[in-house]
Amino acid sequence: MADLTTLTAAETASAIAAREVSAVEVTQAHLDRIAAVDGDVHAFLHVDAEGALEAAARVDAGEISGPLAGVPLALKDVLAQRGVPTTCGSKILEGWRPPYDATVVTRLREAGVVILGKTNMDEFAMGSSTENSAYGPSHNPWDLSRIPGGSSGGSAAAVAAYEAPLAIGTDTGGSIRQPAAVCGLVGVKPTYGGVSRYGLVAFSSSLDQAGPLARTVLDAALLHAAIAGHDPMDSTSIDAPVPDVVGACASRDLTGVTVGVVRELGGEGYEAGVEAAFHASVEVLTALGADVVEVSCPHFPYALPAYYLIAPSECSSNLARFDAMRFGLRVQVGDAGAEEVMATTREQGFGPEVKRRIILGTYALSSGYYDAYYGQAQKVRTLITRDFDAAFETVDVLVSPTTPGVAFPIGEKADDPMAMYLSDIASIPSNLAGNASMSLPCGLAGGLPVGLQIIAPPLADDRLYRVGAALEAALDERRGATLLASAPSLTARP
Amino acid sequence: MPEPITRDEVAHLARLARLECTDAELDTFAGQLEVILGSVARVAEVVADDIPPTSHSVPLTNVFREDVVRPSLDRDEVLAAAPAAEDGRFEVPRMLDEAP
């Protein structure tokens, strides 16, 4: 058997089902890989070797079967896993062990997926680099001096470093797609409401959505199918059938598909290498038979400003639950009363970006400013949704670069919040409108991965996979290998 | 266009949010928030009175479920994760007679 850590999830599951290899062997191979490289990558905040090997043994005992049975996975530390430390990258939750599983975790367990551990992230999912983690940044396996994206940067780094074939991320403004783009992976933000948010620690409830990170489009689809579907525990969960995302991956021809290139997501502010890789891939879409047209979404330039009012507003309310009373950190000085304990605990438990956003949200929601800020932002949200609705009257999917640039050096934007926020300029519109969106690797710029974003209407997630699988196959064929095959080997060090 | 945010306003907002801030943080945040607010205020450029607000992309109201008894979280497990517990209950700092 070849190196078990380089197999895709689909290959791994087949090999386990055919008894060519045991799930315990596969899990151990990934635990060994983590031990070998995670000192450099720092993708994981907690590795649950014991729990993972137990879950693998249950698959080997024949207790669970299915398309992902025995496949290891890295779980973003924003999802509650019973009895396993869940920090959200924050000191305020250090040592907290949830008394329940998120629905995503329950579904992974039922599918026989082996959860290796919890991955690093920007604190409470606020950031684009993992530099806002209270536990130090993760590193991009393509170049360890660069960011792996964020907030799901640990999940992306783990998959790109072959520490796991699959990972779960969450995406509020691009936090799955941007790390996928800069690490050379496939990342999907499902339709809002497509995947349950029960047990996902809330940042911005109207925008948060969990989804898959993987090395191939098919692997992402298998994971998407495993976690999606209605959940009565989440009142915003959509009670509709999950589109056939796995079946859509058989697509190799795009005849009859109309693809719209979004004029406003490109040009000024986008790196030349990113634009070049993107446009070369759009030509491949044409070669695959797609009808490619340019479309305009005139209100997209206002998506970023609207997002940075809506998300902080919701976060200032959601994070009020961290009050030092029932769980998490409590800093008790002398016989200070409850309100003082709360203020002191939050001062010591939250990092600067979380504090900035709580203050910004409190401002945007305050009397006298509410209409000018939060109210106006909600109207912009309507305009963004209308832009999408109009575009999808004439096209099946929209495409753009996922990010304006490739992975930047750690530290470059750490002291400039506005510069960091621009990382998500192309991904935010989909969160505001709640539609489905994928990033897949489309080429290199300066030796670093570039992501192409595909956007589909709400509940048409299968279109992402139809277009993504065809493009991936064509690009791999032209390249003669996957993009990730050109990433450096982390263990070949002097 | 709203007026620039002052250091005192930031301190007031932090107090409202039960968030102590150091003097150094207040200085940094006031400057950064002014830049951020200057940028996000652009939302005012495009909206008109006849545009309805969107609070949520999924148009749902009042989702109900059957009123059936289900197991709840285990009390001991929940209290084990609390900062302090006593006699099967959360123990919290004093709520009354807050220091002035």
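Buried means under 20% relative accessible area, exposed means over 50%, and partly exposed is what lies in between (1.4 Å probe, protein chains only). Keep that in mind for T6(A), since this residue has 42% relative accessibility and therefore counts as partly exposed.

A quick word on the ground rules. This is a predicted model, where local features need pLDDT of at least 70 and side-chain atom pairs count only at pLDDT 80 or more, while totals for chains, interfaces and linings use all residues. Residues are numbered from 1 along each chain as its sequence is written, chains are lettered from A and ligands numbered from 1 in the order in which they are written, and side-chain values use heavy atoms, with hydrogens and water left out.

Back to T6(A), which sits in the segment before α1 (9–17) of chain A. Setting aside neighbours within four places in sequence, T6(A) is in contact (heavy atoms within 4.5 Å) with Y162(A) and R215(A). Two distances involving T6(A) are worth a look:

| From | To | Distance |
|---|---|---|
| T6(A), side-chain polar atom | D3(A), backbone oxygen | 2.9 Å |
| T6(A), C-alpha | S437(A), C-alpha | 26 Å |

Now zoom out to the chain. Chain A has 16 helices and 11 strands; these are DSSP runs, with helices being H or I of at least four residues and strands E of at least two, numbered from the N terminus. Of the 494 residues in chain A, 66% are buried. The C-alpha atoms fill a box of roughly 65 × 55 × 50 Å along the principal axes.

How many residues does each chain bring to the contact? Chain A gives 67 residues and chain B gives 58. Together they bury about 5400 Å², with 66% of it on carbon and sulfur atoms; buried area is the accessible area (1.4 Å probe) that two parts lose on being put together, summed over both.

The rule finds three salt bridges across this interface, a salt bridge being a side-chain nitrogen of Lys or Arg within 4 Å of a carboxyl oxygen of Asp or Glu. R18(B) and E339(A) meet in a salt bridge through their side chains, at 2.7 Å from N to O. On the side of chain A that touches chain B, the elements giving two or more residues include α10 (303–318), α11 (338–349) and α13 (371–391) of chain A. The largest share of that side, 11 residues, comes from α13(A).

Methods. A polar contact is a pair of N or O atoms within 3.5 Å; within protein, one must be able to donate a hydrogen and the other to accept it, and residues adjacent in sequence count only if both atoms are side-chain atoms.
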